[in-house]
Amino acid sequence: MIAHVQNLFQFRELIGMWAFREIRVRYKQSLLGATWAVLQPLALMLMFTFVFSQIARIPTDQPYPIFSYTALLPWTLFATSISFGVNSLINNMNLVTKTYFPREVLPLGVIGAALFDFLIASSIFVLLMIYYQVPITIHFLWIPVFLVIQIFLMLGIILIGSALTVFYRDVRFVVPLGLQLWMYATPIIYPITLVEENMPQYRTLYALNPMVGIVESYRDVILEGVPPNYSDLGIAAAVSVILFIVAYIIFKRLEVLFNDLI
C-alpha cells in the first residue's frame, strides 16, 4: 500500500489537472456556473428552515438557518463527492482503457472539485455567521482536522463504490437512494440531543455512522465555541481510516480487471 501511495504521489500534478477539468466540465455551458455550488445547500437550508422550524418545529439551541447550514456544508461535500466519484471510472472508459495512470486519480480529482464547491458555498456561511453574530474562536482550528477525516471517509466509499460499479452497474442506481437514507441517519435536520433523549440505548450504535461525529464536530466548534466530542470524533476517524485502507487494498487488487470489464 505504501508503494501505491508513493506511486500516486508521482502523479500529483495529474490529480490537480483532473480536479480542474472536473470543475470546468461541471459548469461548462452553465448559465449560473459555480453559483450552483451555493444554490444547492442554500435551497435545502431554506426548505428545511420552513418545514422544520415553522411546521414541525424541531427544537434547536441556535437559529435554525445557521444550525442546518453548518451541517449541510459538509454533507453537500460528502454527497457530491460520492455521487460523482462512484461513476468516475465508467464515465471515463476511454481514458481508463487507453492510458496508464493510477486509477485512483479519477476519484481524487472528483473530491478536489467537490472541495472547490465547498469553498464557494462557505461564502454564504460567512454571511450567516456575521448576521447571527457567531464569534470566531480558537476551536475553528479543528476544521482542517474534520476535513481530513471526511476526505478519508469519502475516498474509502468512492474507491470501493467505483470499483464495484465496474462489475455491477446497478451500484450507480443504489447510490442516490443510499445517500438519501444516510442523510436522515445523520443529525442534519435535527440535533443529536433528540437521539440521546428518545433513543439513548442506540446512541453508541448511532455514533458508528462517521458523519455523525463529523457533522456534530462542526457544530460544536463553530456554533457552540467548544472542542468537539472526542469520543464521536474518534469513532468517525477510526471508521474512516479503516474503511479507506480496506477500500484502497480492494481497489488496487481489482484494478487489473478494469480494462477487460470496461
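**Close-up 1. Helix 2 packed obliquely on helix 6 in the predicted model.** Helix 2, which covers residues 12–26, packs against helix 6 at an angle of about 55°, and the axes of the two helices lie 8 Å apart. An angle of this kind falls outside the ranges for roughly parallel, roughly antiparallel and roughly perpendicular pairs, and helix 2 and helix 6 are therefore oblique to each other. Their crossing is right-handed. On the side of helix 2, the contact is made by Leu-14, Ile-15, Trp-18, Ala-19, Glu-22, Ile-23 and Arg-26, while helix 6 contributes Val-105, Leu-106, Leu-108, Gly-109, Val-110, Gly-112, Ala-113, Ala-114, Phe-116 and Asp-117. Sorted by class, the residues of this contact comprise 12 nonpolar, two polar and three charged.

**Close-up 2. The right-handed crossing of helix 3 and helix 4.** The axes of helix 3 and helix 4 come within 9 Å of each other and cross at roughly 135°, and that makes helix 3 oblique to helix 4. From helix 3, the residues to look for are Val-38, Gln-40, Pro-41, Leu-42, Leu-44, Met-45, Phe-48, Thr-49, Phe-52 and Ser-53, which meet Tyr-64, Pro-65, Ser-68, Tyr-69, Leu-72, Thr-76 and Thr-80 in helix 4. The contact of helix 3 with helix 4 holds 11 nonpolar and six polar residues, and no charged residue takes part in it.

**Close-up 3. Helix 4 alongside helix 7, a roughly parallel pair.** Helix 4 spans residues 64–85 and helix 7 spans residues 143–167; their axes come within 9 Å and cross at roughly 25°. Because angles under 35 degrees count as roughly parallel, helix 4 and helix 7 are described as roughly parallel to each other. The crossing of this pair is right-handed. Pro-74, Leu-77, Phe-78, Ser-81, Ile-82 and Gly-85 make the contact from helix 4, and Leu-147, Gln-150, Leu-153, Met-154, Ile-157, Ile-158 and Ser-162 make it from helix 7. Nine of the residues in this contact are nonpolar and four are polar, with no charged residue among them.

**Close-up 4. The largest cavity and the helices that line it.** The model has one cavity of 30 Å³ or more, and about 60 Å³ of space lies in the largest cavity. The residues lining the largest cavity are Ala-37, Pro-41, Leu-73, Thr-76, Leu-77, Thr-80, Ala-114, Asp-117, Phe-118 and Ala-121. Two or more residues of this lining are given by each of helix 3 (36–55), helix 4 and helix 6 (105–131). By class, the lining of the largest cavity divides into seven nonpolar residues, two polar residues and one charged residue. Some of these residues also appear in the earlier views: Pro-41 of helix 3 and Thr-76 and Thr-80 of helix 4 belong to the contact of those two helices, and Ala-114 and Asp-117 of helix 6 belong to the contact with helix 2.

**Close-up 5. The largest pocket, with residues from helix 9 and helix 11 in its lining.** About 270 Å³ of space lies in the largest pocket. The pocket is lined by 18 residues, of which Asp-61, Pro-191, Ile-192, Thr-193 and Glu-216 are the closest to its centre. Helix 9 (192–198) and helix 11 (210–224) each supply at least two residues of the lining, and the largest share, five residues, comes from helix 11. The lining of the largest pocket consists of six nonpolar, four polar and eight charged residues.

Key:
Residues numbered from 1 in each chain as written. Predicted model: local features only at pLDDT ≥ 70, side-chain atom pairs only at ≥ 80, totals over all residues. Heavy atoms only, no water. Axes fitted to C-alpha atoms, helices over the stretch in contact; angles between N-to-C directions. Helix = DSSP H or I, 4+ residues; strand = E, 2+ residues; numbered from the N terminus. Parallel < 35°, antiparallel > 145°, perpendicular 65-115°, else oblique. Left-handed = near helix turned anticlockwise from the far one by under 90°. Contact = heavy atoms within 4.5 Å. Nonpolar A, V, L, I, M, F, W, Y, C, P; charged D, E, K, R; others polar. 1 Å grid on protein atoms, 1.4 Å probe; cavity = no way out; pocket = protein on both sides within 12 Å on 5 of 7 lines; lining within 4 Å. Points joined across faces, edges and corners; volume = space filled by probe spheres on them.
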